[in-house]
Amino acid sequence: MNLPRYDIIPDKDLHTFNFISEGKNGAIQKVVFYQEIEPAGVFNLALGDRNPITGEIDDKSVSDNGDTEKVLATVVSTVYAFLDDFPNAYIYAEGSTHSRNRLYRRGITKYLTEALEDFIIYGLLANKEVELFNPNTDYIGFLIHRKIN
């Protein structure tokens, strides 16, 4: 995606990426964290705000900083960076709320043609079945795998 995005600062093992969201509510430190959840190389993608006092990541906070598309484009840039180092990994993403899952589905749908050039995208249904992503289906999570060229 050729969209405006924030500069990311990866940690040394490329499992955590930090960036600063700048908008109507000021500068907010965001964190994207990849954690292996299945030994077969399935990683959970977590996005949240870093609490400036405790350092903890809050994936339920609502920043409302007016830069949603730029934040999502930045998250996608971390997906590319992560999969450059772990090309066989699968990335699982699930919103902390139903409305966030809808937001993610809309974002995927908006850039689906471009995304499908590089990724295979699946949706996780409420009954835990996985299917190829369909823009008109309500999912509880998303699974992404980079196409091998």
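This passage describes the two largest pockets of a predicted model and the residues that line them.

The largest pocket encloses about 740 Å³ of space. Its lining is made up of 34 residues, and those nearest the pocket centre are Leu-72, Val-75, Val-76, Tyr-104 and Ile-108. Two or more lining residues are contributed by each of six elements, namely strand 4 (42-50), helix 1 (68-85), helix 2 (98-110), helix 3 (112-118), strand 7 (119-124) and strand 9 (141-146). Of the elements that line the largest pocket, helix 1 makes the greatest contribution, with 8 residues. In chemical character, the lining of the largest pocket comprises 21 nonpolar, 5 polar and 8 charged residues.

The second largest pocket holds about 460 Å³ of space. A set of 22 residues lines the second largest pocket, with Lys-30, Ser-63, Thr-68, Arg-100 and Leu-103 lying nearest its centre. Here the elements that supply two or more lining residues are strand 4, helix 1 and helix 2. Helix 2 accounts for the largest share of this lining, with 6 residues. The lining of the second largest pocket divides into 6 nonpolar, 8 polar and 8 charged residues.

Strand 4, helix 1 and helix 2 thus each give two or more residues to the lining of the largest pocket and also to that of the second largest pocket. The leading contributor is helix 1 in the largest pocket, whereas helix 2 holds that place in the second largest pocket.

Note on methods
Residues are numbered from 1 along each chain as its sequence is written. This is a predicted model: local features need pLDDT of at least 70, side-chain atom pairs count only at pLDDT 80 or more; totals for chains, interfaces and linings use all residues. Side-chain values use heavy atoms; hydrogens and water are left out. On a 1 Å grid over the protein atoms alone, a cavity is a set of points where a 1.4 Å probe fits but cannot get out, and a pocket is an open set with protein on both sides within 12 Å along at least five of seven lines; lining residues have an atom within 4 Å of a point. Grid points are joined across faces, edges and corners, and a volume is the space filled by probe spheres set on the points. Helices (H or I, at least four residues) and strands (E, at least two) are DSSP runs, numbered from the N terminus. Ala, Val, Leu, Ile, Met, Phe, Trp, Tyr, Cys and Pro count as nonpolar, Asp, Glu, Lys and Arg as charged, and the others, Gly among them, as polar.
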